[in-house]
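Colleague: Could we go through the charged side-chain pairs here, one question at a time?

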Amino acid sequence: MTAMKWIHNLLKCFSFSAVLFTFEACYGTMEDYGYGYDVAIQVVDSEGNGIPNVEVVLSHARWGEKFFADTTGPSGLAFIKGHLTSDNEIPKLKLDFNPLDGSDFQAKDTVVSNYSLMSNSTFTVTLDRK
């Protein structure tokens, strides 16, 4: 009887570990997939001076869905942080630079690839005066 109980407990252990393994494989590792990015964007004028109060928006190039937005600080620096699931899902991203509060600078936009965001930690963008 003791041997049967030991075998029964061993089978229960294997069954439970199989369930845990399946759960981990399906639900436990999702953050490991995709691409993270952490980018600093310096917005400057033609003389290299930082421009404050510029809204920086990261969105899908085709559909316009916004992923992240930040406003430049006094030195003209904004930060974009996020996580994309795959290069195939979102092949091109759009960065919009919109000066706020009656600024005398023109808005600007550009399209970048996921790879550009992941491989660079800093971008410098120059805005023209109106």
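Modeller: A salt bridge is a side-chain nitrogen of Lys or Arg within 4 Å of a carboxyl oxygen of Asp or Glu. Please keep in mind that this is a predicted model.

Colleague: How many salt bridges does a search of the whole structure find?

Modeller: Side chains of opposite charge can pair when their charged atoms come close. With the cut-off of 4 Å between nitrogen and oxygen, the search of the whole structure gives a number of salt bridges equal to four.

Colleague: Which residue forms a salt bridge with Arg-129, the closest N and O atoms being 3.8 Å apart, and is that partner buried or exposed?

Modeller: Arg-129 lies in the segment after β7 (122-126), and its partner sits in the loop between β1 (35-44) and β2 (54-60), so the pair ties together parts that are 84 residues apart in sequence. Arg-129 is partly exposed at 46% relative accessibility, whereas the partner has a relative accessible area of 7%, which falls under the 20% limit for buried. The partner is therefore buried, and its name is Asp-45.

Colleague: Which residues are linked with Asp-45 in a network of salt bridges?

Modeller: One link is the pair of Asp-45 with Arg-129 already described. The network of salt bridges takes in, besides Asp-45, the residues Arg-129 and Asp-104.

Colleague: Which residue in strand β6 meets Lys-94 in a salt bridge?

Modeller: Lys-94, partly exposed at 25% relative accessibility, forms a salt bridge with Asp-96 at 3.6 Å, and Asp-96 is buried at 15%. Lys-94 belongs to strand β5 (residues 92-99), and the partner in strand β6 (residues 108-113) is 15 residues apart from Lys-94. That partner, partly exposed with a relative accessible area of 45%, meets Lys-94 at 3.8 Å, N to O, and is Asp-109.

Notes. Residues numbered from 1 in each chain as written. Predicted model: local features only at pLDDT ≥ 70, side-chain atom pairs only at ≥ 80, totals over all residues. Heavy atoms only, no water. Helix = DSSP H or I, 4+ residues; strand = E, 2+ residues; numbered from the N terminus. Buried < 20%, exposed > 50% of the residue type's maximum accessible area, 1.4 Å probe, protein only.
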